[in-house]
Amino acid sequence: MLNFFFPRQCPSCMEIIETDTLFCSPCFDMLSFIPTYERCPKCFTYKGENKCFYCIQHRELFIKKAALFEEGSPAIALLKDPEKYAKTMGALFILALDQFSWIRPDVIYSQSPLKKVSHSMGKMYALPKFSKYNNYAGKNVLCITNTFKDFNIPLSLYSSNIFLVAFSL
Ligand SMILES: [Zn+2]
Ligand SMILES: [Zn+2]
């Protein structure tokens, strides 16, 4: 039973783990969020010290965009089974969001296979239940996705303030 909650293998490198942690310690040490200071706060493009020329020229649909991990991060292993790792992924999203200091969302929106992750985040934020029949208009909607390219903006969100966070770049 304990093995269900505490897998004995690191999901990233498959090393056997003796402790009650999710990742082995070398992988855990490599778990760091993407630094945001060199990225555009609106579209998350890498910009170094320059202004983001994309955002000067285009009107983004998103209020803000960010990603948590680089493609090479051990955390990417969790994307193999978002249902199984829903609580961990939800906690990592919330931890990162805390560092972005964005506004508190009214609603968390996700598409399959992250439904369970957004559900778990909704609980952690203690957000009221929101059904698809409610109106998103004017709401601050936090959208979570595996990667930016996995996310399709539904029409129902067009009149809301969309914040998009991807688990991986
Ligand atoms: Zn490992
Ligand atoms: Zn930009």
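**Helix packing, cores and backbone outliers in a predicted model**

The crossing of H4 and H5 is right-handed. The model is predicted.

Q: Which residues of H4 make the contact with H5?
A: The H5 side of the contact consists of Lys 116, Val 117, Ser 120, Met 121 and Met 124. Facing them, the H4 side is made by Ala 86, Lys 87, Met 89, Gly 90, Phe 93 and Ile 94.

Q: How do the residues of the contact of H4 with H5 divide into nonpolar, polar and charged?
A: Lys 87 of H4 and Lys 116 of H5 are in the contact, and Lys counts as charged. Gly 90 also takes part, and Gly counts as polar. The full division is 7 nonpolar, 2 polar and 2 charged.

Q: Are H4 and H5 roughly parallel, roughly perpendicular or oblique to each other?
A: Their axes lie 8 Å apart, at an angle of about 60°. Roughly parallel needs an angle under 35 degrees, and roughly perpendicular one of 65 to 115. The angle meets neither condition, so the two helices are oblique.

Q: Is Met 89 buried or exposed?
A: Met 89 lies in helix H4. Not counting residues up to four places away in sequence, it touches Leu 78, Pro 82, Val 117 and Phe 167. The cut-off for burial is 20 or more other C-beta atoms within 10 Å. Met 89 has 26 such neighbours, so it counts as buried.

Q: What distance separates the C-alpha atoms of Met 89 and Asp 106?
A: Along the chain the two residues are 17 apart. In space their C-alpha atoms are separated by 20 Å.

Q: Is Lys 115 buried, exposed or partly exposed?
A: Lys 115 lies in helix H5. Buried needs 20 or more neighbours, exposed 12 or fewer. Lys 115 has 13 other C-beta atoms within 10 Å, which means it is partly exposed.

Q: Which element gives the largest share of the largest nonpolar core?
A: This core has 30 residues, and Leu 142, Cys 143, Ile 144 and Val 165 touch the most other members. Two or more residues each come from strands E1, E2, E3 and E4 and from helices H4 and H5. The largest share is 6 residues, and it comes from E4.

Q: Which residues is Leu 142 in contact with, leaving aside its neighbours within four places in sequence?
A: Leu 142 is among the core members that touch the most others. Its contacts beyond four places in sequence are Pro 105, Ile 108, Tyr 109, Phe 163 and Val 165.

Q: How many residues are in another core that lies apart from the largest one?
A: Its members include Cys 10, Ile 17, Cys 24 and Cys 27. The count for this separate core is 6 residues.

Q: Which residues does a cis peptide bond join?
A: Most peptide bonds are trans. Here omega is about 5° at one bond. Pro 113, in the loop between E2 and H5, is one partner. The cis bond joins Ser 112 and Pro 113.

Q: Is Met 14 buried or exposed?
A: Met 14 sits in the loop between helix H1 and helix H2. Its phi is positive, near 70°. It has 10 C-beta neighbours inside 10 Å, so it counts as exposed.

Q: Is Phe 44 buried or exposed?
A: Phe 44 is in the loop between H2 and helix H3. Phi here is also positive, near 65°. With 21 C-beta neighbours inside 10 Å, Phe 44 counts as buried.

Terms used. Residues are numbered from 1 along each chain as its sequence is written. Chains are lettered from A and ligands numbered from 1 in the order in which they are written. This is a predicted model: local features need pLDDT of at least 70, side-chain atom pairs count only at pLDDT 80 or more; totals for chains, interfaces and linings use all residues. A nonpolar core is a set of buried Ala, Val, Leu, Ile, Met, Phe, Trp, Tyr and Cys residues joined through C-beta atoms within 7 Å. Helices (H or I, at least four residues) and strands (E, at least two) are DSSP runs, numbered from the N terminus. Two residues are in contact if their C-beta atoms, placed from the backbone, lie within 7 Å. Axes are lines fitted to C-alpha atoms, for helices over the stretch in contact, and angles run from 0 to 180 degrees between N-to-C directions. Angles under 35 degrees count as roughly parallel, over 145 as roughly antiparallel, 65 to 115 as roughly perpendicular and the rest as oblique. A crossing is left-handed if the near helix is turned anticlockwise from the far one by less than a right angle, and right-handed if clockwise.
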